[in-house]
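User: Please take me through the ligand sites in this entry, setting each value against the definition behind it.
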Amino acid sequence: MKDIYILAIETSCDETSMAIVKNGRDVDSLTILTQMDTHANFGGVVPEIASRMHTENITMVLEETLRKSHVTMDDISAIAVTYAPGLLGSLLVGVECAKVLAYVYNKPLIKVNHTLGHIYANNIENDIVYPSLALIVSGGHTDLVILKNSSEIEVLGSTIDDAIGEVYDKVARVLNMPYPGGPNIEKKALLGKPSYEMPIPMNDNSYNFSYSGLKSYIINLVHNEKQRNHEIKINDLACSFQESAVNELCRKVELALKNTHIKNMILAGGVSANKYLRTKINQVCNKYHVNFHVPNILYCTDNAAMIGAAAYPLYKANLFADYSLNAQSNETIKKYLENN
Ligand code: KG4
Ligand code: ZN
């Protein structure tokens, strides 16, 4: 059978990334150009700067991806692109680039939802087993879904306010740690004790999440302690926050595993790079004799290889986009499933 090579483009936030993925599983070539250092000067991603930098860098990223690849544009079967959700200006750069490549090289165009991409990062160098429970945790998303089969996904719950990664970043910022905050909080938490009492994020039995209360609680606590000239034990506060935030994820995952009897669990999204979270979810899975899988750390944070992996089943199903494809900043996984 002929190998299918998909050229994938990801520009939804502050990484300009392209990949060539063989048969949805093998990464032939991957380039990730991060703008992290630039945005760190502002304490977070500045959308206008992000889209300008994507525009400046995308040609270079394409050249580099093709240079490292074993194939040429002639061998590419389709062009895939993240069209939603994300920063509108950033998404547009990727979408327009994909359309131009599809037109010039006469290749089919595939639109990929970014959250679906994170899920399919689990298919790289591995196979998602169905049914699986999937927890997607990133800067923009906190979703708990059931992957029923390769074409059917049921959303159990999502955040009703902030995404967990966003809260990691905000807490880091109030503690004067550089952007992105997640990895920095993780490092500090390793050195601390959970000595600060934290509110329980969402004390209910739904599969939804809420993190804005925990975020506001910590921001207020830091401001109050500063006003009183009290010392803030940064390592302990990072540790207490992380424990509370991750406990809540574990509680909902446990509830879902108990209720659904699903025997496979996967993690996805930037926050799934967090070792404490990986360990804690693994412990829940062990308790219920559930197989646990998480992508290689390289494929947890934003990258185009996961977009190539997610595009493969769409290619197989002949689900192609036309040139009217536009970027959509707000399309959640739930909306995507309703519309496609
Ligand atoms: O998936 P991603 O690269 O972009 C989005 O789709 O949002 O996720 C980025 C998020 C950021 O909030 C970042 O702080 C968080 O993932 N993150 C982490 C870790 N590495 C990245 N959070 C906690 N621990 C980490 N090790
Ligand atoms: Zn992402």
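Analyst: The turns below cover the metal site and then ligand 1. This is a predicted model, in which local features need pLDDT of at least 70, side-chain atom pairs count only at pLDDT 80 or more, and totals for chains, interfaces and linings use all residues. Residues are numbered from 1 along each chain as its sequence is written, and side-chain values use heavy atoms, without hydrogens or water.

User: What makes His114, His118 and Asp302 donors of the zinc ion (ligand 2)?
Analyst: Donors are N, O and S atoms within 2.8 Å of the metal (3.2 Å for Na, K and Ca). His114 (NE2), His118 (NE2) and Asp302 (OD) lie 2.0 to 2.1 Å from the zinc ion, so they meet the 2.8 Å limit. Since water is not among the atoms, a site may look incomplete.

User: How are these donor residues spaced in sequence?
Analyst: The spacing is H-x3-H-x183-D. Histidine 118 in helix α4 and aspartate 302 in the loop between β10 and α10 are 184 residues apart, a pair linking distant parts of the chain. Both are buried, that is, under 20% relative accessible area (1.4 Å probe, protein chains only).

User: Why do glycine 165 and glycine 270 count as having polar contacts with ligand 1?
Analyst: A polar contact is a pair of N or O atoms within 3.5 Å. A backbone N or O atom lies 3.1 Å from an oxygen atom of ligand 1 in glycine 165 and 3.0 Å in glycine 270, so both pairs qualify. The protein covers 89% of the 550 Å² of accessible area that ligand 1 has on its own (Shrake-Rupley method, 1.4 Å probe).

Methods
Chains lettered and ligands numbered in written order. Helix = DSSP H or I, 4+ residues; strand = E, 2+ residues; numbered from the N terminus. Buried < 20%, exposed > 50% of the residue type's maximum accessible area, 1.4 Å probe, protein only. Polar contact = N/O pair within 3.5 Å; in protein donor to acceptor, adjacent residues only side chain to side chain.
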